[in-house]
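Here's a short set of exercises to work through with the structure open beside you. Try each task before reading on to its solution.

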Amino acid sequence: MMAAILQKPRHFSLEQHPLPKPRYDEVLVRTRASGICTSELDMWEGKAKGLEFPRFIGHEPSGIVESVGSDVTSISVGDHVAAWSEGKSYAEYFVSRESHLYKLRQDTPFEQALGEPIACAVNGVRKADVQLNDNVCIVGCGFMGLIMLQVFKANGAGLLAAIDTRESILDLAKQLGATHIMNPRRVNVKKAVLEITEGRGMDIGVEGSGRQETLDMTSELVRMEGKLEVFGYHQGEPRKVDWAYWNWMAFQIINGHTRSGHIYVEGMKIGLRLLEDRKLNMKPLITHRFRLDEINNAFEIASAKEEGFVKGVITFEDGWRS
Ligand SMILES: [Zn+2]
């Protein structure tokens with residue numbers, strides 16, 4: 001099978017690899033789509049320290065079951081599946097444990113059934129433990145934020161403010177159910193949030209982009225004793241926090257990440273059911289599609305995050321090359 005291997009920063013090469021063999025509790029899947037993840041950009045850009053190369057990455061796959069191990073009972077050949085995966089999915093086939101798969105409906109588009117990011121977003125919302133009519137803001141509302149926004153809505157959130165500097169993201173957020181959209185380059189966000197919450201501040205503030213600025217802004221918007229959830233993927237220099245202020249405000253501080261496999265999978269199943277029940281709209285979020293042989297260009301574009309980019313997917317619908 002053809003696989004894209006990250007040989008060094010900014011360079012994937014296509015290689016022939018032997019077809020992986022599923023163990024007794026695993027399934028071999030013919031890849032139909034594999035999402036490009038922000039968490040992979042650091043290794044691609046060479047910013048992540050201490051990494052060894054080459055690396056066989058890709059962890060957001062979906063596809064069609066090709067064969068199953070001897071003990072597999074819930075999945076059959078021909079089933080459409082999404083996987084929570086730990087890598088090796090930028091390839092024509094991947095293997096997954098049966099327990100890490102979600103059986104998709106036959107009409108669910110593969111490119112929308114991205115198990116891992118949907119799992120993270122759903123679990124982020126579950127950790128916030130939103131109560132009926134809680135007012136929520138998401139600061140840095142990219143692909144993950146736009147999924148979380150919809151899941152918060154499905155969970156009965158009240159006001160839902162999307163805050164981002166990209167106008168195309170804000171338009172999408174509005175379309176997907178944000179009650180308010182705010183661009184910090186155009187408005188004083190703190191003032192605007194106090195206005196719409198009658199001076200209280202937000203019950204829940206989600207920091208969604210893993211930067212110092214978004215961390216600072218989120219802490220300005222959450223009400224006293226409200227929940228401040230750090231969901232963004234923070235890398236590089238240690239962040240600074242005004243702990244005296246955080247103490248005084250008695251924030252409930254939540255780490256939006258999850259590391260337990262079974263919770264990941266649980267979140268993935270909930271999210272994919274929301275997708276198939278039309279409560280989660282992934283269609284407008286998939287803005288860029290690439291074949292496997294375009295993967296270097298795909299990463300360039302994902303890393304540039306130009307206006308209009310939300311999520312890129314490697315798709316195998318028409319084969320892996322032109
Ligand atoms: Zn991911």
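The exercises below go from the whole chain down to the core, the sheet and the domains of this predicted model.

**Exercise 1. Overall shape**

Task: Work out how the radius of gyration of the protein chain compares with the globule rule.

Solution:
- Start by taking stock of the secondary structure: the protein chain has nine helices and 15 strands.
- Next, take the radius of gyration, which is 20 Å, and set it against the globule rule, which gives 20 Å for 322 residues; the two are close, so the chain is as compact as a globular protein of that length.
- For the extents, the C-alpha atoms fill a box of roughly 60 × 40 × 30 Å along the principal axes.
- Finally, check burial and contacts: 45% of the 322 residues count as buried. Take the contacts between residues at least 6 apart in sequence, and 70% of them join residues at least 24 apart.

**Exercise 2. The largest nonpolar core**

Task: Find which residues of the largest nonpolar core touch the most other members.

Solution:
- The core holds 89 residues, and V136, I138, M148 and L149 are the ones that touch the most other members.
- Helix α3 (residues 143-154) gives the most to this core, supplying eight residues.
- Both domain 1 (2-114 + 282-315) and domain 2 (118-255) contribute at least three residues each to this core.
- Now zoom in on I138: skipping neighbours within four places in sequence, its contacts are G145, M148, L149, A162, I163, V206 and G208.
- As background, nonpolar side chains in soluble globular proteins tend to be buried together.

**Exercise 3. The six-stranded sheet**

Task: Give the strand order of the open sheet of six strands and say which strands sit at its edges.

Solution:
- Reading across, the order is β10-β9-β8-β11-β12-β13, and the pairing is parallel.
- β10 (180-182) and β13 (252-255) each pair on one side only, which makes them the edge strands.
- Neighbouring strands are turned by 15° against each other on average, with direction ignored.
- At the β10 edge, β9 (residues 160-163) pairs with β10 in the parallel sense over three bridges. There, A162 has I181 in β10 as its bridge partner.
- Helix α2 (residues 115-128) packs on the sheet, touching β11 (202-207), β12 (222-230) and β13, and its direction makes about 155° with that of β12.

**Exercise 4. Two domains**

Task: Describe how far apart the C-alpha centres of the two domains lie and how many residues are in contact between them.

Solution:
- The domain assignment gives domain 1 (2-114 + 282-315) and domain 2 (118-255).
- Their C-alpha centres lie 29 Å apart.
- Across the boundary, 11 residues of domain 1 are in contact with 11 residues of domain 2.

Methods. Residues numbered from 1 in each chain as written. Predicted model: local features only at pLDDT ≥ 70, side-chain atom pairs only at ≥ 80, totals over all residues. Helix = DSSP H or I, 4+ residues; strand = E, 2+ residues; numbered from the N terminus. Rg over C-alpha atoms; globule rule 2.2 N^0.38 Å. Buried ≥ 20, exposed ≤ 12 C-beta atoms within 10 Å, placed from the backbone. Contact = placed C-beta atoms within 7 Å. Core = buried A, V, L, I, M, F, W, Y, C linked by C-beta atoms within 7 Å. Domains from an automatic or database assignment. Pairing = 2+ DSSP bridges. Axes fitted to C-alpha atoms, helices over the stretch in contact; angles between N-to-C directions.
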